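Q: Please take a close look at one buried spot in this chain and at what surrounds it. Then work outward from there.

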Amino acid sequence: MDIKKIRELVDLMEEKDLLSLEYGQDDNYISLTRNTAVQTIAVPQAAPMAAAPAPVAAPAPKAPAGKVETSPMVGVFYSAPSPNDPPFVKVGQKVEAGDTLGIIEAMKIMNPLEATQSGIIEEILVSNAEVVEFGQPVIRYKA
């Protein structure tokens with residue numbers, strides 16, 4: 001893949017305000033991720049159809065209080081660089097913006113999850129090797 005094609009993909013990401021982009025053609029594959037703060041946005045659910053009775057739904061889990069770091073992509077969260085290494089962060093640890101909080105593996109590519117803000121870790125909301133969704137809260141800071 002040539003640099004011109006990569007620049008076109010980066011321009012497309014900026015134009016469409018995308019956080020990540022994956023592109024593959026023949027034997028070429030590229031995964032691009034922007035390093036920006038992700039905000040969790042509540043999206044209203046569509047109302048059920050009038051003909052069908054509304055099922056009783058369990059209450060949606062509450063979003064954690066305080067500032068959170070969210071997953072910028074779908075993948076598997078790892079709290080340490082390898083199984084024998086200590087975790088990147090622990091509860092009560094002070095972190096600075098840019099510090100690595102964990103790794104998210106997506107399509108066999110290890111992507112660092114970096115702190116977008118400074119603070120003290122109050123809670124790690126996901127377990128090691130847990131699948132995370134885009135925008136899912138991963139780390140909560142003390143308020």
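A: Ser71 is buried, with a relative accessible area of 0%. Buried means under 20% relative accessible area, exposed means over 50%, and partly exposed is in between (1.4 Å probe, protein chains only). This is a predicted model: local features need pLDDT of at least 70, side-chain atom pairs count only at pLDDT 80 or more, and totals for chains, interfaces and linings use all residues. Residues are numbered from 1 along each chain as its sequence is written, and side-chain values use heavy atoms, with hydrogens and water left out.

Ser71 sits in the loop between strand 3 and strand 4. Strands here are DSSP runs of E with at least two residues, helices are runs of H or I with at least four, and both are numbered from the N terminus. A polar atom of the Ser71 side chain lies 2.5 Å from the backbone oxygen of Met73. Leaving out residues up to four places away in sequence, Ser71 touches Ile104, Val132, Glu133, Phe134, Gly135, Gln136 and Val138. Touching means contact: heavy atoms within 4.5 Å.

Now the strands on either side of that loop. Strand 3 (68-70) is an edge strand of an open sheet, as is strand 5 (94-95), and each pairs on one side only. Four strands form this sheet, in the order 3-10-8-5, with antiparallel pairing. Two strands pair if DSSP finds at least two bridges between them. On the other side of the loop, strand 4 (residues 75-78) runs antiparallel to strand 6 and is joined to it by three bridges. Val76 stands opposite Glu105 in strand 6.

Strand 6 deserves its own look. It spans residues 100-106, and six of its seven residues are buried. Strand 6 also pairs with strand 7 (residues 109-114), in the antiparallel sense, over six bridges. One partner pair here is Thr100 with Glu114 in strand 7. Strands 6 and 7 form a hairpin with two residues between them, and Met107 in the turn has a positive phi of about 55°.

Met107 turns up again at the surface. Together with Tyr29 and Ile109, Met107 makes a nonpolar surface patch of about 280 Å². Patches are made of residues with over 30% relative accessible area and no salt bridge; like charges are joined within 9 Å, and nonpolar side chains (Val, Leu, Ile, Met, Phe, Trp, Tyr) within 5 Å. Ile109 belongs to strand 7. At 31% relative accessibility, Ile109 counts as partly exposed.

Back to the sheet, and to its strands 8 and 10. Strand 8 (residues 119-124) and strand 10 (residues 137-141) run antiparallel, joined by three bridges. Ile121 has Tyr141 in strand 10 as its bridge partner. In a regular strand the side chains alternate between the two faces of the sheet.

Charged side chains also link these two strands. The chain has three salt bridges, each a side-chain nitrogen of Lys or Arg within 4 Å of a carboxyl oxygen of Asp or Glu. Glu122 and Arg140 meet in one of them, at 3.0 Å, N to O. Glu122 lies in strand 8 and Arg140 in strand 10, so the pair ties together parts that are 18 residues apart in sequence. Glu123 forms a salt bridge with Arg140 too, with the closest N and O atoms 2.2 Å apart. This pair also links distant parts of the chain: Glu123 in strand 8 and Arg140 in strand 10, 17 residues apart. The shared partner joins Glu122, Glu123 and Arg140 into one network. How covered are they? Arg140 counts as buried at 15% relative accessibility. Glu122 is partly exposed at 34%, and Glu123 is partly exposed at 31%.

Another salt bridge joins the side chains of Glu96 and Lys94, at 3.4 Å, N to O. Lys94 is exposed, at 53% relative accessible area. Glu96 is partly exposed, at 39%.

Last, the whole chain. The protein has one helix and ten strands, with the helix ahead of the strands from the N terminus on. Of its 143 residues, 25% count as buried. Among contacts with a separation of 6 or more, residues 24 or more positions apart account for 53%. The accessible surface comes to about 10,000 Å², with 55% belonging to carbon and sulfur atoms. Accessible areas come from the Shrake-Rupley method with a 1.4 Å probe, and for residues only the protein chains shown count as cover.

Note on methods: Polar contact = N/O pair within 3.5 Å; in protein donor to acceptor, adjacent residues only side chain to side chain.
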